[in-house]
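Dear colleague,

I am handing over a structure that I would like you to look through when you have time. Please find it just below, with my notes after it.

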Amino acid sequence: MCCSVRKAFDRYFDLLIKVKYFVIVFWLIVLGLGAGFGLQFLGAVSIEVTPPKGTPSHDAKQAFGDLFPTKSEQQSYLLYFECSECSHIVNSVTYYRTQRLLDAAASWRGGYITGNLTYWTYPNTTQTGFMAAKQTLISRSNKSMIAVLDASPEHETADLKEFVTHMRSSISDLNVGGGEYVGMLGSNTILVDSVEESSTTVTKIDLIVLPMALAVLMYVVQSWRMIVIPLFNVATTLLSSFAMMYGLTKYTAKAPSFVPSVMEAMVIALSIDYSLFLLTRYRFEVLHNGRRGTKAVREAIFFAGEVVFMSGLTLVSCFLGMTGFPTQTVYMVGVGCSLCLTMALIINLTMTPALLLAFPSFFTTFQFLPFCTKKEGPGVVTSDDQNNDVGDVDYILADNDNDEGRVEDANNGMPRPGSGLSVNDKAPDGDGIGDEADDEDDDGFGMDYESEQRRRLDEKSNLQKSYWYLSTKACIKWPYVFLTILIPLALIAPATVHLFDFKYSIDSTQIAPRNSQSIECLNKLKANFPLGLMDPLYVIVDGRSQGDYPVKSTPFFEATSYLSSQLASKTACGSEGVTSIAFLHNTRISWENAEKLLDTDGFYPVYFNNSVNQPLNAALITLTTPFEPFGDEVKDFTKTVRDAFKDPNLNGSYDYHLVGAPIWMVDATDITFKLFPIIIAVTVAAIFVMISCLLVSAFIPLRYAFTLVFPLSFIFGLAVMVYQDGVMEWLSWSALRSTDGMYWLTPIITFPICTGLALDYDIFLMCRVAEYRMEGYTNKASILKAVHETGGIITAAGVIMAIAFGGMMFSQTDTVNQIGWILFSSVLFDTFVVRTVLVPAVLMLAGPVNWWPRKVPKEGLKDEFGAPAANAGAMEARPDYESWDNDDHKESLRNLSAGASQKSPGEINGDGTGWNSL
């Protein structure tokens, strides 16, 4: 298996060597195309939700479109006027301002505004119907007024933004004084404000978060030159993903407005993390293992690339599970995140090695900062492995730009001790797989006793002084290892139980910026008017099954009248909020009375014609809710209305449908959360099986119960405490304010991300533990060495992730804040508690069960220092490194070194293992 993987990789890498310049040019072209089209994705988003098939809303929406095609697609805007110092809002100034805004709306792309409704639209009469209709547009205090603009369907977000900007500019031109306010509100204004905030958040991430993440990476790899690679990878991944999503939105559904912010944070986090894994391994191969040119790149990509590939595959699998939801909104979130992760994986595994191969001298000169710090490097680097003599580490003055200079010592080509990575002091140099190729390229590689002794003693000293080694050794010490597991689980238990109190919200204000003009207008409106005026809901009484013109019949009027009165008494709308052709102004109207009213010039004929369709086979019952229709109250309201359809006293000859965009949202969220546990369980189970197969370990699912399920339960329980219970309100930070429930998409988006990121670090650690266990180290030694080597890198990766996701906390949108907080806290908890404490402890307790059914060495085991393990009695005794001053050991090593020049590298030990087994 390992040999076949290595052979496949070698074929891939050999091809990459030949086409490295083509790869670079190809991705440069992709970057250019992404820059041309990608940014347009920021405006091609939506806040609309389409009801899934099989739901009542899906059938209702289809009926709405068939029976009332114009009204079903109609979009509305509310113009709000307020004058706190006026005796009455109906005055000449308000009339003048209303007309100015109506003219401005009509002048924009003639035909977009299809109609309007104002106080002055109705005739100046004292008829009861008209007076009642006028009064609905004026507040009880007579200090404020609304006007309604009806618009034709316009699905291009960029066009909607242009219209909203045009109208807001017209409002600014009115020169509204103190004590006065004029604003505009509608679902499209919320969408426009959300898009603008998304663009602002993206800019903040670019200007603040990205430089901070790159600074951490530069500190870890100790090379400003290498920053070129992740910077290019991030830009190419992000812009190409945006461009492809923009293309998809032209033919499929649009993504939610906050998806660009989430995609950018993920691209920055994952691309820089993948660069961290690849570049730190490359630095290690150059400075510690003494490899150079193509060979250093080959080994770095093989070992670190395995981790990157498994990590990327896991994350993509998590998000592909979201495409199983029937809701198009959730589906597009899954597509967007899967797409950007796939691009990050492909670009990092192709562009990174291509750049390292094409410009070896540039990237192999390690210098933390230009002109002010020393350089490290193996000297002159070429991509020709045929002459692979290993030079010494350079220490060149910062003001000397000559990369040709090199300082030799009496080390005979061995890397200078202590030149390894600060976060990765020791790592396997590829023993086993591919070593034959290594040895063939290392002709002339020699060493002496002093350098080898110093190297081994330094390694042991560094290991013993390492924080990760000492802390892990203490955590997994028997029998305290049980406390290492139980104490963290006990501490997180109180927050975990809050997960059972979770409730989701569909409140549209959570996707609108808190400081936006839409929210300002909404707050003023809801203090004076029922918010249902902004998005009225309808009940369709469908009589298509009853022949021609069923509306003009007594049974139809009786059914409509009865249902209207029931809705008035059972819902929060009340009698003032329910109107129909058979129930108007809290009065039931029979067909006989309706016939008489239709022959008059009053209000009723106008209302009747606006409430029925042209074939006269269906009518609308208008429901004006006192609450915001896109608020959480609509969930119970929907249930109440649909229960009224089941009333046995209601005429069953007709069909009844509750319609409106808020209703689509209710059904979409209901079916999403019904399927959520099933889809997550199937996805996670598939991932567990995949990782178990890749790591050849059947213990993986059981271990993840402690290291994945419980920690994730804690993170989401903590989020419930923050955003439902308000435990962080004392900070007075709006990003952590209670919203009485998280937005419904928040857990859907964050759960797969948290799962994937947790598995990301777990895979990185487990690959290193498995490497050492297969090399003959004991289970404990493998854990200690792996944590020692990966602890710093995982910490750096976690900090980079936290910075990337923490940038979302500076958004003015509640939903983005919630996503950012969950990902931020999840990454930090996983980095500093789970991977460094819980995972080593569980691995220690499991012992040999970790590797079943994989065959691992059982004899000749070594401890973490490479010495014979205390319980490995069958192993032939080997000299202790601390007693290498013994003359016999010195002489033996000198003889072995002297004979190396007369033997091929594979014959040095007599068994074909070469220097690697020393």
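What follows is an account of the chain as a whole, then of its sheets, two helices and the largest cavity.

Please keep in mind throughout that this is a predicted model, and that every value below was computed from it. The protein chain has 28 helices and 16 strands, and of its 918 residues 59% are buried. Among contacts between residues at least 6 apart in sequence, 79% join residues at least 24 apart.

Turning to the strands, I begin with S2, which covers residues 75-83 and is mostly covered itself, eight of its nine residues being buried. Strand S2 is joined by eight bridges to strand S4 (residues 144-151), and the two run antiparallel; within that pairing, Ser76 has Asp150 of S4 as its bridge partner. Strand S2 also pairs with strand S5 (residues 180-185), again in the antiparallel sense and over six bridges, and here the bridge partner of Cys83 is Glu180 in S5.

A further group of four strands forms an open sheet in the order S11-S14-S10-S15, with antiparallel pairing. Strand S11 (578-579) and strand S15 (655-659) stand at the edges of this sheet with a single partner strand each, so one side of each is left without a neighbour in the sheet. Strand S10 (residues 537-542) and strand S14 (residues 618-623) run antiparallel and are joined by six bridges, and in this pairing Val539 stands opposite Ile621 of S14. If you intend to follow side chains along these strands, it may help to recall that in a regular strand the side chains alternate between the two faces of the sheet.

Two of this sheet's strands, S11 and S14, appear again around helix H21, since both are included in what covers the buried residues of that helix, as are helix H6 (128-135), helix H19 (554-570), strand S12 (583-584) and helix H20 (591-598). The helix itself spans residues 603-611, and its buried residues include Phe603, Tyr604, Pro605, Tyr607, Phe608 and Ser611.

Which residues does Thr236 touch, leaving aside those up to four places away in sequence? They are Trp27, Val30, Leu31 and Ile347. Thr236 itself lies in helix H9 (residues 228-249), and because its relative accessible area is 0%, under the 20% limit, Thr236 counts as buried.

As for internal space, the count comes to eight cavities of 30 Å³ or more, and the largest has a volume of about 90 Å³. The largest cavity is lined by 12 residues, and those that lie nearest its centre are Arg281, Phe303, Ala304, Phe764 and Arg768. Helix H10 (259-287), helix H11 (293-320) and helix H25 (745-774) are the elements that give two or more residues to this lining, with H25 providing the largest share, four residues. By residue type, the lining of the largest cavity divides into seven nonpolar, two polar and three charged residues. At least three of the lining residues come from each of domain 1 (1-46 + 204-364) and domain 3 (473-501 + 696-851).

With best regards

Definitions and conventions:
Residues numbered from 1 in each chain as written. Predicted model: local features only at pLDDT ≥ 70, side-chain atom pairs only at ≥ 80, totals over all residues. Heavy atoms only, no water. Pairing = 2+ DSSP bridges. 1 Å grid on protein atoms, 1.4 Å probe; cavity = no way out; pocket = protein on both sides within 12 Å on 5 of 7 lines; lining within 4 Å. Points joined across faces, edges and corners; volume = space filled by probe spheres on them. Nonpolar A, V, L, I, M, F, W, Y, C, P; charged D, E, K, R; others polar. Domains from an automatic or database assignment. Buried < 20%, exposed > 50% of the residue type's maximum accessible area, 1.4 Å probe, protein only. Contact = heavy atoms within 4.5 Å.
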